[in-house]
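Welcome! Here are a few exercises to work through with the model in view. Try each task before you read its solution.

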Amino acid sequence: MLKKFYKLLCVFLINISILNLLLFYNGRMMFIDNIIYAKETNNNSSLDIRACWVSFLDIEEFLSDLDEDAYRYKIDEMYDNMLANNLNTVIFHVRPMCDAIYPSKLFPWSSYISSDRSAPIYDPLKIAVEEAHNRGLFFEAWINPYRVSRNNETTVSYKQTEFYEIYKDIIVEYTNSDNETCLSLDPAKEESTRLICAGISEILENYDVDGIHFDDYFYVSGMYDELSYEDKMSNVNCMVSEVYKTIKSFNKNCTFGISPAGNMDNARNDGADIDTWLSCEGYVDYIMPQLYWSNDFITLDGESVEMFSERCKEWQAVNKLDIPIYVGLALYKSGEVFDYDPGWCSCDDNLKNQCDYSFDAGYDGYALFRYAWLENSNAKMELANLNAYIDETGLIKQKININNQNSSEIIPESNHKNDFQDNVYENITPKIRVPEKNTLSLSYTTYIYGEGGKGIFIPEKLSGLGGIYKGIGGFNADLNLNSEIGGIEYRVHYLGGRWSEWARNGKMTGISCSLRVMDGIQIRLYKAYHGNYDIYYKVGYVDGTWTKWCSNGEISGYIGLNGYIDKIELKLEKK
């Protein structure tokens with residue numbers, strides 16, 4: 001298998017201390033500390049996904065009823081924890097039960113973000129998306145499309161909202177396996193599909209999410225059990241295809257993925273038409289089966305079965321479209337005792353072995369369920385072994401499509417026009433007295449991920465670890481001046497990813513982690529200083545080459561062509 005060959009090649013190269021693979025494309029030598037995968041896609045799902053689910057239970061435990069400062073602090077802590085565990089995607093539960101963790105015209109406030117369903121004075125989703133993107137994390141909005149409540153307590157709570165009266169004609173009431181009363185939107189009703197699509201439109205109109213994500217709550221036990229597989233799947237398929245169309249009408253690069261139950265028969269019985277989704281276009285961009293077993297599973301007959309591996313092969317076998325497939329891993333079972341699945345307590349390398357097996361089987365990434373276990377001591381060794389395996393085998397790689405491209409499709413961006421908006425020059429006036437050149441103190445720093453996860457700050461002038469194969473993850477610059485009359489601002493482009501937010505006057509932009517390293521940068525002065533000074537900058541690569549000097553907001557760096565930046569130099573000149 002091609003992927004297995006590349007993995008083995010990577011291990012071989014590491015063992016003989018060859019740290020960089022030389023690639024030639026259109027006459028340009030590329031020095032990239034990455035494995036190159038030639039898999040053509042047309043959306044963000046071409047990126048290797050290492051995700052973590054932040055469920056409504058995590059929101060309730062860590063983020064409920066916080067003021068804005070406390071919420072921001074905890075979100076930052078959670079995201080930093082994800083980065084420290086080699087993750088690059090957050091799957092955030094934004095609508096767990098026909099409710100919302102954001103101000104919505106269609107749904108009540110979720111009781112998991114606000115226990116009394118009152119509106120916070122800030123927008124939790126806006127902060128969650130922005131802070132994820134500030135760190136280079138991809139953000140997927142996780143929605144349960146049908147579920148309205150999950151037990152007696154949440155049923156009573158939802159019936160007390162004004163929205164129950166609005167939607168009660170499309171809500172079905174049923175008794176679950178625990179003999180509790182639950183509510184769900186009726187999948188057979190067209191009005192249910194229209195509401196779900198309207199809710200997704202509301203998110204896409206207001207938030208820069210990278211994807212929409214569903215899990216496995218469609219038809220559940222106790223809800224229309226008499227319906228056939230075919231009827232259930234037909235109803236759900238109508239909704240899924242409409243959701244797909246809705247998303248692509250807003251942004252064709254916004255991904256739509258579903259995470260069904262790992263048991264394929266159970267998934268089908270719940271209305272998940274996995275065979276159609278994985279063989280016909282127009283339904284999903286990726287699939288993420290929940291393979292929550294070890295390879296030491298005990299059947300009812302007392303037989304030991306390699307359940308994870310068997311289910312892993314079953315899912316890949318039906319992937320006729322060869323769309324990205326990611327494996328959902330049961331982080332929450334780490335160190336726990338299960339009579340029927342003793343593998344979770346008999347060893348601490350389940351996740352490592354599962355990642356290895358799924359990668360060999362053709363999977364494109366994984367997701368860990370759920371966030372709380374990133375902070376749980378029971379999962380410490382499982383995570384340590386998984387992370388060590390990822391680091392040692394070089395599986396933290398961006399997939400770069402180098403096939404089926406021509407020189408007109410890939411061009412250096414160092415000479416692109418500035419994307420300035422007129423308002424960045426607001427209040428420029430010659431009457432403002434700015435410091436002379438020799439009184440300005442230009443300083444800048446890069447942040448590079450060091451051994452053991454410790455950050456290394458490298459000051460000017462050649463900021464970076466040139467020739468030591470460490471890409472720059474974060475950057476800041478400052479003029480040490482009166483910021484009220486102007487200053488310096490900058491943003492960076494992540495290798496294989498997106499632009500960071502603009503930062504100003506000493507604030508770090510980019511991320512302090514080797515998972516996301518820079519391959520482009522823009523720097524510019526604003527207000528009075530733009531009118532009086534020019535800022536020049538150039539970037540260097542591991543092979544010792546440098547770009548030409550760029551200035552005043554131009555893009556420096558060969559985005560998508562020359563690997564990562566490991567050096568940068570700045571200078572300031574008076575006009």
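A crossing is called right-handed if the near helix is turned clockwise from the far one by less than a right angle, and left-handed if the turn is anticlockwise. Keep in mind that this model is predicted.

**Exercise 1.** Describe how helices α3 and α4 pack, and find the handedness of their crossing.

*Solution.* Start with the two helices: α3 covers residues 68-84 and α4 covers residues 124-134. Their axes lie 10 Å apart, at an angle of about 35 degrees. The crossing of α3 and α4 is right-handed. Next, look at the side that α3 offers to α4: Tyr71, Ile75 and Tyr79 are among its contact residues. On α4, the partners include Leu125, Ile127 and Ala128. By class, this contact of α3 with α4 has eight nonpolar residues, four charged ones and no polar ones.

**Exercise 2.** Classify the aromatic pair of Phe297 and Tyr340, then decide how buried or exposed each residue is.

*Solution.* First take the geometry: the ring centres are 5.9 Å apart and the planes stand at 70 degrees. Planes over 60 degrees apart count as edge-to-face, and the pair of Phe297 and Tyr340 is edge-to-face. Then locate the partners: Phe297 is in strand β11 and Tyr340 in the loop between β13 and α12, so the pair ties together parts 43 residues apart in sequence. Finally, Phe297 has 13% relative accessibility and therefore counts as buried, while Tyr340, at 38%, counts as partly exposed.

**Exercise 3.** Which ring does the charged end of Lys333 sit over?

*Solution.* Follow Lys333 to its charged end, which sits over the ring of Phe338, 5.4 Å from the ring's centre.

Conventions:
Residues numbered from 1 in each chain as written. Predicted model: local features only at pLDDT ≥ 70, side-chain atom pairs only at ≥ 80, totals over all residues. Heavy atoms only, no water. Axes fitted to C-alpha atoms, helices over the stretch in contact; angles between N-to-C directions. Helix = DSSP H or I, 4+ residues; strand = E, 2+ residues; numbered from the N terminus. Contact = heavy atoms within 4.5 Å. Nonpolar A, V, L, I, M, F, W, Y, C, P; charged D, E, K, R; others polar. Phe/Tyr/Trp six-rings, centres within 6.5 Å; stacked < 30°, edge-to-face > 60°. Buried < 20%, exposed > 50% of the residue type's maximum accessible area, 1.4 Å probe, protein only. Lys NZ or Arg CZ within 6 Å of the ring centre and 35° of its normal.
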